[in-house]
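Here is a friendly note to read alongside the model. Please keep the structure open while you go through the points.

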Amino acid sequence: MQKKLFWIFALSSAVYFTQGIEGLPSQGLFYYLKETLHFSPEKIMVYSSITIFAWLVKPLIGYIIDNFFNKKIWIFIALGLDIVLVLFLGLISLPFIVLMTMLILNSTDAAFRDVAVDGIMCVEGKKYNATGKIQSIQWISISLAGLITGIGGGYIAEKWGYRAGFLCLIPIYILVGLVACFYQEEAKEKIAKTALILDLKKLFTDKRLLIVGLFIFLYKYSPSFGTPLLFIQRDTFKWSKIWIGALGTIGTVFSIIGSLLYYKFSQKIKIKKWLFYSVFLGAITTLSYLYYTPVTAVLYDVVYNLIGMFIFLMVMDFMARNSAKGLEATSFALLCSISNLAIPASNLSGAFLLPIIGLKWLIVLSSLTSFLCLFLINKIE
């Protein structure tokens, strides 16, 4: 059992580390769009939303993974396609439309890897009562990758541009494939077609899961103003690309601390009380962005990343424990896709509202939307 758990933790960690390290080219891409193509903040926010489309249809991906081949094989398929895609992105200067297509495909591969390993986490985690611990390790790994992408991505953007960032991902993909070889997945139980239809009907009519999904969407949704803040850092604060990356690294350190705290207290916390407090803390912290200086920029990153990661893992753990037997990847992916839907919804609404009401009132509105989820907390079991 200990050996099996070790490789479950190792594979979960490796896949999530990869998901985080894939941010290496992101800073270079941002500066390419801003300083080479001269895109506006609104335009960048819209295109960023398009690239994550696959993450909005994760239930479909989960259904495919649950019913064809096995989860381990899907990880290998995604990794193989990833290597081909980053070779194109890293070696060839592509027209913008082709570049966007490649980014969408690369994001789709990442979604398949993510859903497959989350399915493994749900199946094995419930078996060993370790869903919370596995997810803590996953997000510690993605945060550690964030430490590298924060400074490393800024350095790559400064020295070579986004294409070098893609080429750096190739050895990471190969390493994950080696780790996956050691995980032994048990044969799936065959589910009758009629039973599968009943399970799907139960999945999409489960009031408890739908309430949790709605709460997560409202909890994560707020008109986004992150891209305008990057413009302030670059154009007003005159920060270098490397220092902007370093700020992300500081926030990531506190994300890791939040993950470690959840690993320690995952079976002791009272979820409703923490959710209630976090809503008010999030609203207050959002309002604090009205006073945005080089000093407060660091402070805000610390507060959001520490508390935010703890709360995020708490909700993710709840979703994993309530995934449907035989459809773990599908049910968990359904909730995650609802959560992911909040990201483009936030970006697009922020992009729409920014030129209309300005940054100041956009921050105020974003703070007020934090309270939309309050009425659902008492309905969560």
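1. Let us begin with a yardstick: the expected span of a helix is 1.5 Å times one less than its number of residues. Helices here are DSSP runs (H or I, at least four residues), numbered from the N terminus. This is a predicted model, in which local features need pLDDT of at least 70 and side-chain atom pairs count only at pLDDT 80 or more, while totals for chains, interfaces and linings use all residues. Residues are numbered from 1 along each chain as its sequence is written, and side-chain values use heavy atoms, with hydrogens and water left out.

2. How far apart are the end C-alpha atoms of α16? They are only 35 Å apart, although α16 has 41 residues and a straight helix would reach 60 Å at 1.5 Å a residue. Have a look at Ile357, where a kink of about 115° in α16 is centred. The bend at a residue is the angle between axes fitted to the seven residues ending there and the seven starting there.

3. Now try the yardstick on α6 (residues 96-128): its 33 residues should span 48 Å, and the end C-alpha atoms are 47 Å apart, which agrees. Just after α6 comes Asn129, with a positive phi of about 55°.

4. Helix α7 (residues 131-159) has 29 residues and reaches 41 Å from first C-alpha to last, close to the expected 42 Å. Even so, α7 has a kink of about 30°, centred on Thr149. Gly161, which follows α7, has a positive phi near 95°.

5. Two packed helices are described by the angle between their axes and the distance between the axes. Axes are lines fitted to C-alpha atoms, for helices over the stretch in contact, and angles run from 0 to 180 degrees between N-to-C directions. Helix α4 (residues 58-67) packs with α16 (residues 328-368) at about 165°, with axes 7 Å apart. That makes α4 roughly antiparallel to α16 (the term is for angles over 145 degrees). Among the residues in contact (heavy atoms within 4.5 Å) are Tyr63 of α4 and Leu334 of α16.

6. Which residues of α14 meet α16? Ala283, Thr286 and Leu287 do, against Ile363, Val364, Ser366 and Ser367 in α16. Helix α14 (residues 271-287) and α16 pack at about 175°, with axes 8 Å apart. That makes α14 roughly antiparallel to α16 as well.

Terms used: Helices (H or I, at least four residues) and strands (E, at least two) are DSSP runs, numbered from the N terminus. Angles under 35 degrees count as roughly parallel, over 145 as roughly antiparallel, 65 to 115 as roughly perpendicular and the rest as oblique.
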